[in-house]
Each structure stands twice: as structure tokens, then as C-alpha cells.
Amino acid sequence: MKRILKSGCVFLVEAEEKAEKAGKYLVFNFLERGLVAMRKMERDVFVGWMVVLLVMLMHFLITVSLGNSYFAESSLNRMLWLSSFPAFLIAFVAAFFQKTNTILLAVRRGLLWTVELIVAFTVLSWVFRSFEGLYANAGLYWLFGAVLIGPIFYVMAFRRQHTKRIRTP
């Protein structure tokens, strides 16, 4: 079977002739698997930014509900800590809607969403010149951890992978 290489696609000449007779074109693309994986990754990135926006919105609502003293060190830690529970729920629900079914996929999404959240908080803290005050609070790391374990907890609790049990005598 003769192969012709043109612009990233491999055309199988004999298969193309047979498919042309049938009225269909058969094209094998080198990057088909890579493009499908890239589309999934782009969707994960997009969903991650939606998770970040929802977490920021929940953090804002908690900040407004607890008072107007946002930059007070003691209340900032408490607000970040209280924001971690809605952040966990948002990541958990996003994993549900993304149909996360393997632990590897859950870890990848959790890490990606956490990195996006770190980038968002870093940019905002740099803009408002509160980098040291924000990253000195343990509540921020609780928030990052909640977004990280949301998809992992979803897979572990509701999408267990079916494996064979080891029988004990």
C-alpha cells in the first residue's frame, strides 16, 4: 500500500480510491488523538476558569456578609477559611458535570484548577499590593486544598473504579 504525506495527513491511496467510489473520503490524521486530547484540555481550562470565577464570587459574598474589614489580618484568615467549603463544593460539582471517572483525570483537573486559582489570587494580590498579607494566612492554603481535593473526593466517593477484590481465605 502506497502512502503519500501531505500537510500533516496520511492518505492511503487504495483506501481513498475505494472510499471515493463509495462517495466517502477516508482521511487519517497524524494529530487526531492529539487534537482530541487538546480539546479536552482546553475544556478543562475553561471549566477551571469558571470554577475560579465562582470561587471568587463566593469569597466576595462571604467577605461582604462578614463585614467591610477585608484587609484586617484576623478577619481575612477567617474569610478565606470560610470560603474553602463553597470552593470544595464548586470543584466537586464541576467534577460531576465534567464526568470525571478516573483518579488520574481527577488529579489532573484538581491540579489544573488549583493552579488557575493560585494565578488568579496572585494577580489580584499583586494588583492590590497585598501579596504578603494574603499569602501569610493559612486560610488561603485551605482554599487551595479544597479546590484540589474536590474532584478527587468526587471520584473516590461516587465513581469508584471497578477492580477485582482480593479474596482472603
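Let me start in a loop: Lys99 sits in the loop between helix 3, residues 73–97, and helix 4, where helices are DSSP runs of H or I with at least four residues, strands are DSSP runs of E with at least two, and both are numbered from the N terminus. Before going on, I should say that this is a predicted model, in which local features need a pLDDT of at least 70 and side-chain atom pairs count only at pLDDT 80 or more, while totals for chains, interfaces and linings use all residues. Residues are numbered from 1 along each chain as its sequence is written, and side-chain values use heavy atoms, with hydrogens and water left out.

Back to Lys99, then, whose phi is near 55 degrees, a positive value in a residue other than glycine. Most residues other than glycine have a negative phi. Is Lys99 buried or exposed? With a relative accessibility of 59%, Lys99 counts as exposed, since exposed means over 50% relative accessible area, buried means under 20%, and partly exposed is in between, with a 1.4 Å probe and protein chains only.

A second residue can be set beside it: Arg129, in the loop between helix 4 and helix 5, residues 131–135, also has a phi near 55 degrees, a positive value in a residue other than glycine. Arg129 counts as exposed, at 78% relative accessibility.

Now let me step back to the whole chain. There are six helices and three strands, and, read from the N terminus on, the elements follow the order β-β-α-β-α-α-α-α-α. The chain has 169 residues, of which 33% count as buried. Its accessible surface comes to about 12100 Å², and 67% of that belongs to carbon and sulfur atoms; areas of this kind come from the Shrake-Rupley method with a 1.4 Å probe, and for residues only the protein chains shown count as cover. If we take the contacts with a separation of 6 or more, residues 24 or more positions apart account for 63% of them, where contact means heavy atoms within 4.5 Å.

Which way does helix 4 run relative to helix 6? The axes of helix 4, residues 103–127, and helix 6, residues 138–158, come within 8 Å and cross at roughly 160 degrees; these axes are lines fitted to C-alpha atoms over the stretch in contact, and the angles run from 0 to 180 degrees between N-to-C directions. Helix 4 is therefore roughly antiparallel to helix 6, a label used for angles over 145 degrees. The crossing is right-handed, which is the word used when the near helix is turned clockwise from the far one by less than a right angle. Among the residues that make this contact are Trp113 and Leu117 of helix 4, and Leu143 and Phe144 of helix 6. By class, the contact has 17 nonpolar, two polar and no charged residues, with Ala, Val, Leu, Ile, Met, Phe, Trp, Tyr, Cys and Pro counted as nonpolar, Asp, Glu, Lys and Arg as charged, and the others, Gly among them, as polar.

Two of those residues, Trp113 and Leu117, lead us on to helix 2. Trp49 belongs to helix 2, residues 32–66, and counts as partly exposed at 36% relative accessibility. The C-alpha atoms of Trp49 and Trp113 are 7.4 Å apart, although 64 residues separate the two in sequence. Leaving out residues up to four places away in sequence, Trp49 touches Glu116, Val119 and Ala120. Leu53, also found in helix 2, is exposed, with a relative accessible area of 54%, and its C-alpha atom is 8.8 Å from that of Leu117, 64 residues away along the chain.

Finally, what does Ser83 in helix 3 contact, apart from its neighbours within four places in sequence? Its partners are His59, Ile62 and Leu143, and Ser83 itself counts as buried at 1% relative accessibility. Ile62, in helix 2, is buried too, with a relative accessible area of 15%. With neighbours within four places again set aside, Ile62 is in contact with Met79, Leu82, Ser83 and Pro86, and the C-alpha atoms of Ile62 and Met79, 17 residues apart along the chain, are separated by 6.6 Å.

Technical notes: Angles under 35 degrees count as roughly parallel, over 145 as roughly antiparallel, 65 to 115 as roughly perpendicular and the rest as oblique.
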